[in-house]
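Welcome! Please take a moment to look over the sequence and the model before reading on.

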Amino acid sequence: MFPDHIIFMKHLDRHNFNQELEKKVKKVINDHGLINDHDKVAVALSGGKDSVLTLHILNKIRKESDFNFKLLAIAVDEGIHGYREDGIRSARNNSYKLGVDLYEVSLKNELGFTLDQVAKFYQTACVPCGVFRRYLLNRTAYELGVDKLATGHNLDDEVQSFLMSFARADVRRFGKFGPKQERIHPKMVPRIKPLWLIPEKEVGLWAVSNEVDVHLAECPYAYQSLRSRLKNYLNSLEEERPGTKLNFLKFFQKNLKIGKRDVKLYECQICGQPSSASTCKVCEMSEHIKQEMKLNKEDRENK
Ligand code: SF4
């Protein structure tokens, strides 16, 4: 699956590689104060290589260093048939193996529909997917008393997200960059990104060389996303000019107030969750979906 990585690995001691990776993660944690003593940290665990590495590495740091924090994992099943089941299986296997408690939530149980059922109402499935997943992760983490929600965002993801915000002229999102978010609402669990300095290639190399059970398949909706196109573009740039992605990240770091969000949050008048408007995106979209489903049903009955 990663032929160039595997060839590279023949010349590299796996143990040293793992140690280098861990060193980089520790540096981000220390430099940016990602975790405090006695924190309860939840990993948003999809079963993909990034979130699985986040779980393994935080578990190792927790056991071997002076850091004293609790670790658990949360998995969201969006309802993507033929894809998400494998991710959930890998999330269960890895949590079980490491002895970390895993909490599972699904769109179907919490909101009454799967992503497959509602994807057709949007230009790209990634829009409802992102909104509902973030909502369920935050709500579950808040209900579990979590202090920090660790995501598997790596260096590539961060650069892609930044360029996506540029492409959409969405400057409000700039405040979401950086390895740590401040708490901007009592019900909003701050997010941390321990893999912030790790290129995606290295995450893949870690998973393959250590034979970790990760879900490597691509989501069937990924081709619809702007992220996927930017990812291909950045990979070809990196191929031609190695170091480009890191240069992007350094530029953002120097020129933006990362991790600082000037956004005021309220509580949604329907569900009570944090929201930048009187009704949150989730309640707004759920209402739209209900209407669309009703219309679809009527259409079918009238045929
Ligand atoms: Fe969701 Fe889009 Fe990612 Fe698939 S590619 S899991 S639809 S955000």
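What follows is a short guided tour of this predicted model.

## The nonpolar cores

Let us begin on the inside. The largest nonpolar core has 46 residues, and those touching the most other members are I35, V41, L55, L58, L71 and W206. Helix α3, which covers residues 49–64, gives the most to this core, with six residues. Apart from it lies another core, made of 35 residues, with Y83, A119, L136 and A222 among them.

For a closer look at the larger group, try L58. Leaving out residues up to four places away in sequence, L58 touches I29, I35, V41, V43, F69, L71, A150 and P194. Three of these names may be familiar: I35, V41 and L71 also belong to the group of residues that touch the most other core members.

## A buried threonine in helix α3

Another residue to find in helix α3 is T54. Is T54 buried or exposed? Its relative accessibility is 0%, so T54 counts as buried.

The side chain of T54 reaches the backbone oxygen of D50, at 2.7 Å. T54 also touches V43, A150, T151, G152, P194 and L195, when residues up to four places away in sequence are not counted. V43, A150 and P194 appear among the contacts of L58 as well.

## A network of salt bridges

Now for the charged residues. Side chains of opposite charge can pair when their charged atoms come close. In this model the count comes to 22 salt bridges. Which residues are linked with E22 in a network of salt bridges? They are K26, K60 and E64.

One pair in this network is K26 and E22, whose closest N and O atoms are 3.3 Å apart. Both residues lie in helix α2 (residues 14–32), four residues apart, which is about one turn of the helix. The two have unlike surroundings: K26, at 30% relative accessibility, counts as partly exposed, while E22, at 10%, counts as buried. E22 also meets K60 in a salt bridge, with 2.7 Å from N to O. This pair links distant parts of the chain, since E22 is in helix α2 and K60 in helix α3, 38 residues apart. K60 has a relative accessible area of 34%, so this lysine is partly exposed.

## A helix and a strand joined

A further salt bridge brings together the side chains of R92 and E104, at 2.7 Å from N to O. Here, too, distant parts of the chain are linked: R92 is in helix α4 (residues 84–98) and E104 in strand β3 (residues 101–106), 12 residues apart.

Are these two partners buried or partly exposed? R92 counts as partly exposed because its relative accessibility is 46%. E104 is likewise partly exposed, at 39%.

## Around the ligand

Next, turn to the ligand. Which residues are around the ligand? They are L115, C126, C129, R133, C219, Y221 and A222. Helix α7, spanning residues 126–143, gives the most to this shell, with three residues.

By character, the shell divides into six nonpolar residues, no polar ones and one charged. A222 has a second role in this tour, as one of the members of the 35-residue core.

## Three loop residues

Finally, some loops. H38 lies in the loop between α2 and β1 (40–44). Its phi is near 70°, a positive value in a residue other than glycine. With a relative accessible area of 59%, H38 is exposed. E211 is found in the loop between α9 (200–209) and α10 (226–240). Phi of E211 is near 50°, again a positive value in a residue other than glycine. E211 is exposed too, with a relative accessible area of 71%.

The loop between α9 and α10 also holds Q224. Q224 is partly exposed, with a relative accessible area of 24%. How far apart are the C-alpha atoms of Q224 and T124? They are separated by 5.7 Å, although the two residues are 100 residues apart along the chain. Setting aside neighbours within four places in sequence, Q224 is in contact with Q123, T124, A125 and R229.

Note on methods. Residues are numbered from 1 along each chain as its sequence is written. This is a predicted model: local features need pLDDT of at least 70, side-chain atom pairs count only at pLDDT 80 or more; totals for chains, interfaces and linings use all residues. Side-chain values use heavy atoms; hydrogens and water are left out. A nonpolar core is a set of buried Ala, Val, Leu, Ile, Met, Phe, Trp, Tyr and Cys residues joined through side-chain atoms within 4.5 Å. Buried means under 20% relative accessible area, exposed over 50%, partly exposed in between (1.4 Å probe, protein chains only). Helices (H or I, at least four residues) and strands (E, at least two) are DSSP runs, numbered from the N terminus. Contact means heavy atoms within 4.5 Å. A salt bridge is a side-chain nitrogen of Lys or Arg within 4 Å of a carboxyl oxygen of Asp or Glu. A polar contact is a pair of N or O atoms within 3.5 Å; within protein, one must be able to donate a hydrogen and the other to accept it, and residues adjacent in sequence count only if both atoms are side-chain atoms. A residue is near a molecule or strand if one of its heavy atoms lies within 4 Å of it. Ala, Val, Leu, Ile, Met, Phe, Trp, Tyr, Cys and Pro count as nonpolar, Asp, Glu, Lys and Arg as charged, and the others, Gly among them, as polar.
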